[in-house]
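User: I would like a close look at one part of this model, with the reasoning set out in full. Please start from the charged side chains and then place them against the nonpolar interior.

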Amino acid sequence: MSVDYKATVFLPRTDFPMRGGLPTREPQILERWAEMGLYKRLRADAKGREKFTLHDGPPYANGDLHMGHAMNKILKDVINRSQQMLGFDANYVPGWDCHGLPIEWKVEESYRARGQDKDKVPVGEFRRECRTFAEHWIGVQKEGFIRLGIEGDWDNPYTTMNYAAEAQIVREIGKFLLNGGLYRGAKPVLWSVVEKTALADAEVEYHDHTSTTIWVRFPITRPSVPELAETDVVIWTTTPWTIPSNRAIAFGAEIDYAVVVVREVTENSRTKAGDRLLVAADLYESFAETAGIADSEVVWKGKGHALAGTLAAHPLRGHGYEFDVPLYEGDFVTLEQGTGFVHIAPGHGTDDYELGLKHGLAMPMTVDGDGCFTDEAPLFTGKTIYTAKGKHGDANAAIIAALEDAGTLTARAKLTHSYPHSWRSKAPLIFRNTPQWFISMDKNGLRQKALEAIAATRFVPAAGRDRLYAMIETRPDWCVSRQRVWGVPLPIFVEKKTGQPLRDAAVIERVAKIFAAEGADAWFAGDAQRFLGDDYRAEDFEQVRDIVEVWFDSGCSHAYVLEARDDLAWPASLYLEGSDQHRGWFHSSLLESAGTRGRAPYNAVLTHGFALDDEGLKMSKSRGGGTAPLDVIKQSGADILRLWVVATNYTEDVRIGPEILRYQIDAYRRLRNTLRFTLGNLAEFDEAERLPVAEMPELERWVLHRLFELDRRVRQACADFDFHDIYEALYSFCAVDLSAFYFDVRKDSLYCDGRDAGTRRACRTVLDQVFSCLTAWLAPILCFTAEEAWWARGGKASGTDSVHLRLFPDIPAEWENQALAEKWARVREVRRVVTGALELARADKRIGSSLLGRPVVHVDRPELRAAIADLDMAEISITSDLTLMEGPAPADAFTLEDVPGVAVTVELAAGEKCQRCWKVLPEVGGAAAAPDLCGRCADVVQNIGVLAS
């Protein structure tokens, strides 16, 4: 009979399971974190350290979490946790954007579903419903964010509807009012007929839209040169509804124009022989084809500047449009399409407005907030451009019919083109001239301050700087008023006598204090006198009812969050949001802070891409569909999502779907099994077993060098916010350096050497360091799994009961050994060829286990021979024996193309199989007391006291 040697082998022992069971285990970890008060302990531990403040860009509190939320919050959490473990005080205060159109629209939808008219609901009641709606979704989203493992001050988040926040927003807008930067003006703004309000650029998206395009004739009444007499200027537009607002025509100064006399027309052409038409020479051919002109003659050519001073008649003259239409130079006129002339409606376009302002043109308000023509549009009063449902109204048809009757319609067609739509309602928008409140970009040097602030800010990726700079450099004045009710009111009183806003710091502060005590609802309660105090009479002023646009709300969050809390720093260390926020939160925060404090509220800006589905389509609440984060959590766990975020290049758009998640699950298993191996082989490890570095074999010192390299790489990547690089480094280390190499090589020593053998002690000492480093480096990413592993070992390495209370380990400089790293790179080259030869022998069924083989290795490269000369290559190759040969290798020897100079044949190992370590060695049977063991195993078993019988 023989002994069962299993009990004598030091097999791994750990309670850390192979399968994560994350959907069940993660909630248990969250409960334990709550019980131990982890957030407060993190804050207490970090007290006095340099602050790292990542200011949270607030999501809207209006729906379930989508994958964009998950990506954003996970990335923020990874950064905060890593900065905390780098030695900073990285407190995170989550926030929510609660005012404005997204929430108001949802509440209005509920009214419509009940058949109620929102406009008949008292303002106070409507605002209370909006607040209740926001509070509900804050609770829902908060629960989801916590489930993702996001650590932060969830008991004290910030919201834009918090009374203190509303009060500070009043103070911030008041600063622009007091310094003269805030003014009321009539300008064309993007207007939603459906939502009945102006929209910010960030609330606008572009979709294909089919428009009716028209070519219209403007008869010249006063030519600048004789050849223009009795000639019609032809314009082209995609917005027929803007014709009633036309007040001028723009030309390009250096464009070549031609007067063309029509000689022959096709059937159904609206032109006739003898017509004289003025168009750009280069566009005439395409225009003639559209207008049905078969033959014509050019009777004059000239540059655009020759047209200066020309006057034309409106195409509807005789029907209420009796004014002259002057021709002016416009630097925005191009030859891309049309006729080379742009009809100017100063109330319906930015270029139109600027040209009209330059030349003092009338700026009629022809369209009201419902998208209907006012009485300033004769013939068309009451006609609608778009209906309340965003469909085409009756205005275009009526205007085209009137032009047809007047004989000034030259042609019409259809065009599908990119057109602005509301992000929320998806309805097409219009440019509409309307009184609004603006912050001047140039008064008080706001634009220049903002541009200087951009230059002083770090951008990740760097291209973000140019993008934001270009936006600020060319943007118009900031429209900050909205014609809605759910938001912070503009704290403005306009004197009826002068039409000027009241600029009084005491009134602003009085409003702010009332809002701090009662909330902004107080503005709509009807008592204006309490805001004005004793110095003014309410009847002398008009109380403005517009609200502040929500981008201003969140744009000054730095004031009511960072400056209001002692546990945060101003300016923020980092603002982090999606790439669309260059025109959103990054933009508004910059302008608000530059205008009130002279600099940006952040030192750095990081942007990430969008979360796309596996087909590359954007996932969002407004589009629907795609992978929901909570579904992934229920099925696979939050750590899988967290791994997905860092495994991607999140500075670009990233995809997610079932197949991509399966890949991350596989990667997670590799990382988890690495932790499990270290835990299992560290059972009962104590300080007495630790071996000094100087006494360690080369292989262990090589692993320590790798830890030194990884430490530098991890720290640099944290500073660069490049967590994709950390993922690649750690995954490669675990999968290639450890699992596929070091662990494989050292299993024999760990399992079969004597308990106190030097190699085994060295290996366990190194595994202790590997475990310490990996749990720390993985903690910001796999926050649940790293904690589970830490608890599985009892937190013995540092005596802390949470891995998240640790700092990244300090790696001794003496671990660095570049010469050793270069040597072992050569060793591993040789080993790859040996391993390849063993795999081929196994495939050919010449051997089973690699321990049955004896590789014969031919190396004719001196640097490789020198690298392996003093090493036990059999141990490193996991074979029972290995022979190093000089001279040429047999023709059938195994080689690898990328490792020249190495060839390997595989023979059978000589001897018998040790029944404990399974090596095939001649010495097996040499010990009488253990005839089925090798010498090493016989000694170990004898020391344990177990002998063969």
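Is Arg 270 buried, partly exposed or exposed, and what is its relative accessibility?

Analyst: This is a predicted model, and what follows should be read as such. Arg 270 counts as partly exposed, because its relative accessibility of 31% falls between the limits of 20% for buried and 50% for exposed. Arg 270 forms a salt bridge with Glu 404, and the closest N and O atoms of the two are 3.0 Å apart. This pair links distant parts of the chain, since Glu 404 belongs to helix H9 (residues 395-406), while Arg 270 sits in the loop between strand S9 (256-265) and strand S10 (276-280), 134 residues apart. The partner, Glu 404, is likewise partly exposed, with a relative accessible area of 36%.

A second pair offers a local counterpart. Glu 659 and Arg 662 form a salt bridge in which the closest N and O atoms are 2.4 Å apart, and both residues lie in helix H19 (residues 658-680), three residues apart, so that about one helical turn separates them. Glu 659 counts as exposed at 53% relative accessibility, whereas Arg 662, at 48%, counts as partly exposed.

In a further pair, the side chains of Glu 687 and Arg 690 meet in a salt bridge, with 2.7 Å from N to O. Here Glu 687 is exposed, at 55% relative accessibility, and Arg 690 is partly exposed, with a relative accessible area of 25%. Elsewhere, salt bridges that share partners join Glu 172, Lys 175, Glu 563, Glu 592 and Arg 597 into one network. A search of the whole structure finds 64 salt bridges.

Turning to the nonpolar interior, the largest nonpolar core has 160 residues, and those with the most contacts inside it are Ile 79 and Phe 723. Helix H21 (residues 723-752) gives the most to this core, contributing 17 residues. Apart from this core lies another, of 66 residues, among them Trp 478, Phe 552, Leu 562 and Tyr 602. In soluble globular proteins, nonpolar side chains tend to be buried together.

The surroundings of Phe 723 can be given in detail. Leaving aside neighbours within four places in sequence, Phe 723 is in contact with Leu 75, Val 78, Ile 79 and Ser 82, and also with Val 646, Tyr 650 and Cys 718. Ile 79 therefore appears twice in this account, as a contact of Phe 723 and as one of the residues with the most contacts inside the largest core.

Conventions: Residues are numbered from 1 along each chain as its sequence is written. This is a predicted model: local features need pLDDT of at least 70, side-chain atom pairs count only at pLDDT 80 or more; totals for chains, interfaces and linings use all residues. Side-chain values use heavy atoms; hydrogens and water are left out. A nonpolar core is a set of buried Ala, Val, Leu, Ile, Met, Phe, Trp, Tyr and Cys residues joined through side-chain atoms within 4.5 Å. Buried means under 20% relative accessible area, exposed over 50%, partly exposed in between (1.4 Å probe, protein chains only). Helices (H or I, at least four residues) and strands (E, at least two) are DSSP runs, numbered from the N terminus. Contact means heavy atoms within 4.5 Å. A salt bridge is a side-chain nitrogen of Lys or Arg within 4 Å of a carboxyl oxygen of Asp or Glu.
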